[in-house]
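Trainee: I have a structure open in front of me and don't know how to start reading it. Could you walk me through it?

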Number of protein chains: 2
Amino acid sequence: MSCAEEYTPKLRARGYRMTSQRLAILHVLHHSGGHLSPAEVYEQAHLQVPGLTETTVYRTLDFLAENGLARPAHMGSGRLVYEIARHEHHHLKCRTCGTEMEVEHALLKSMYQKLESESGYKLTDSHLTFFGLCPNCQKGD
Amino acid sequence: MSCAEEYTPKLRARGYRMTSQRLAILHVLHHSGGHLSPAEVYEQAHLQVPGLTETTVYRTLDFLAENGLARPAHMGSGRLVYEIARHEHHHLKCRTCGTEMEVEHALLKSMYQKLESESGYKLTDSHLTFFGLCPNCQKGD
DNA sequence: TTCCTTATTGCAACTTTTGGCAATAATATG
DNA sequence: CATATTATTGCCAAAAGTTGCAATAAGGAA
C-alpha cells in the first residue's frame with residue numbers, strides 16, 4: 001500500500017486534506033523508520049516538493065502529531081524529533097555514548113495501570129525517554 | 001539556610017565557582033517551587049542582577065541541570081522548563097485542561113527495575129512526563 | 001469540467017536558543 | 001593583601017522555531 005493510499009483516508013476522515021507537502025513528509029517519516037529532526041525531514045522532503053518551506057515542515061509535523069499520524073519524542077537535547085506512528089513504544093538512551101534502544105509499551109503496562117488508579121487520570125499517549133548507561137559504558141565507568 | 005550557603009559548596013565540590021548570576025538563578029528556582037521557563041527565570045533573576053543576559057540564563061540552567069542542582073522537564077510544548085532539584089518525581093499532565101500533578105518516583109520503582117534487568121542498561125535520572133485526561137475532563141468527554 | 005469554499009501554504013517578520021570570542025571576575029597562591 | 005589563573009559572563013551574530021496574513025489549491029457541489 002502506498003503512503004497516499006494509507007494516509008489520505010485518515011486525514012479525510014478527520015476533515016483534513018491531503019497535500020503534496022504532507023504526503024512528502026509522511027513518506028519521509030514512513031521510510032526512514034527512526035526519528036528525524038524537522039531539519040532532516042525538510043532536507044529530504046524538499047527534494048520531492050521543491051517549493052516546500054521549513055515553516056510548513058514545522059507546522060505539518062505538529063499537525064501530524066496532533067492527529068496521530070506521527071509521534072514527537074524528546075531525545076535529551078531539548079529539541080523535538082518525530083517518527084511515523086507505529087506500535088506504541090518508548091526510548092532508552094545511553095547518557096554516555098548516545099546508543100538508543102526501543103522499549104516495548106507492554107513493559108510499562110502495569111505501571112500505567114497503577115498510575116491511573118492512584119491518580120484518577122486516564123492516561124493517553126506519552127512517548128517516554130529513559131536515560132541511563134548502556135552495558136558497554138557501565139564497564140568503562 | 002540561605003541559597004548561597006546551600007548551593008555554593010555543591011559547586012565548589014565539583015570545581016566550579018559561585019557567581020551572582022548563578023546565585024540569583026538558583027534563588028529564583030528555589031523559591032518558585034514549580035518549573036519555570038528560561039524566559040521566566042530571566043525575568044525574575046534580572047531584577048537581582050541587572051546586567052544578566054538571556055544567554056547566561058540558558059547556559060546556567062543547562063549547567064545547573066548538568067550538575068544536579070536543577071532538573072529540566074518537557075511539558076509537552078517542545079520547550080524545556082526547569083525546577084530546582086528536590087526529591088525525584090515525575091509529572092502527569094491533562095491534555096485537555098493542562099492541570100498537572102506530581103508523580104512520586106516510588107510508584108515507578110518496580111518498573112524501573114524491570115526495565116534495567118530486561119535492557120541491561122543502568123538507569124540514571126529521567127524526568128518523565130505522562131499525558132492523560134484528569135478526572136474532571138473525563139466527565140465532559 | 002468549472003466554480004466555490006476554506007484548509008493549507010509561502011512569505012516575511014519575530015521570538016527563542018545556541019555558539020564564538022574577548023573581557024571580566026572568582027578563587028587559589030605567594 | 002596583591003597577583004595569576006582560568007571559569008564565567010556579555011556581546012554579537014547565527015541557527016532554530018513561531019506567528020500573522022494574503023495567495024494558493026484541495027475537494028465538494030453544480
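Mentor: Let's take helices, then the DNA strands, then the cysteines. Keep in mind that this is a predicted model.

Trainee: Okay, helices. How can I check the length of helix 4 of chain B, and what should its 13 residues span?

Mentor: Count 1.5 Å a residue, using one less than the number of residues. For helix 4 of chain B, residues 54–66, that gives an expected 18 Å, and the end C-alpha atoms are 18 Å apart, so the two agree.

Trainee: Which residues of that helix are buried?

Mentor: For this, buried means under 20% relative accessible area. In helix 4 of chain B the buried ones are B:Val57, B:Thr60, B:Leu61, B:Phe63 and B:Leu64. They cover an arc of only 165° around the axis, so they sit on the same side of helix 4 of chain B.

Trainee: And what covers those buried residues?

Mentor: The cover over the buried residues of helix 4 includes pieces of chain B itself: helix 1 (3–12), helix 2 (20–32), helix 3 (38–48), strand 1 (70–74) and strand 2 (80–84).

Trainee: Which exposed residues are on the face turned away from the buried side?

Mentor: On helix 4 of chain B, that face carries B:Tyr58, B:Arg59 and B:Glu66. Look just past this helix too: B:Gly68 follows helix 4 of chain B and has a positive phi, near 80°.

Trainee: Let me try helix 5 of chain A. Which of its residues are buried?

Mentor: In helix 5 (residues 109–119) of chain A, they are A:Met111, A:Tyr112, A:Leu115 and A:Ser119. Their arc around the axis is only 100°, which puts them on the same side of helix 5 of chain A. This helix is followed by A:Gly120, where phi is positive, near 85°.

Trainee: Now the DNA. Which residues come nearest to DNA strand C?

Mentor: There are 19 residues around DNA strand C, and A:Arg22, A:Thr56, A:Arg59, B:Arg12 and B:Tyr58 come nearest. Of the atoms of DNA strand C that come within 4 Å of the protein, sugar and phosphate make up 72%.

Trainee: What do the side chains reach on strand C?

Mentor: Look for pairs of polar atoms. The side chain of A:Gln21 has an N or O atom 2.9 Å from a sugar or linking oxygen of DNA strand C. As for bases, a polar side-chain atom of A:Thr55 is 3.4 Å from a base nitrogen of that strand, and one of A:Arg59 is 2.8 Å from a base nitrogen. Helix 2 (20–32) and helix 4 (54–66) of chain A, along with helix 4 of chain B, each give two or more residues to the surface near DNA strand C.

Trainee: And which residues come nearest to DNA strand D?

Mentor: A:Tyr58, B:Gln21, B:Arg22, B:Thr56 and B:Arg59 come nearest, out of 19 residues around DNA strand D. A:Arg59 turns up here too, with a polar side-chain atom 3.3 Å from a base oxygen of DNA strand D. B:Gln21 places a polar side-chain atom 2.8 Å from a sugar or linking oxygen of DNA strand D.

Trainee: Last one: how many disulfides are there?

Mentor: Zero, over all chains. A disulfide needs two cysteine sulfur atoms within 2.5 Å. The sulfur of A:Cys97 has its closest cysteine sulfur 3.7 Å away, in A:Cys137, so that pair is too far for a bond. For B:Cys97 the closest cysteine sulfur is in B:Cys134, at 3.7 Å, again too far for a bond.

Terms used:
Residues are numbered from 1 along each chain as its sequence is written. Chains are lettered from A and ligands numbered from 1 in the order in which they are written. This is a predicted model: local features need pLDDT of at least 70, side-chain atom pairs count only at pLDDT 80 or more; totals for chains, interfaces and linings use all residues. Side-chain values use heavy atoms; hydrogens and water are left out. Helices (H or I, at least four residues) and strands (E, at least two) are DSSP runs, numbered from the N terminus. Buried means under 20% relative accessible area, exposed over 50%, partly exposed in between (1.4 Å probe, protein chains only). The arc is that of the directions from the helix axis to the C-beta atoms. Contact means heavy atoms within 4.5 Å. A residue is near a molecule or strand if one of its heavy atoms lies within 4 Å of it. A polar contact is a pair of N or O atoms within 3.5 Å; within protein, one must be able to donate a hydrogen and the other to accept it, and residues adjacent in sequence count only if both atoms are side-chain atoms.
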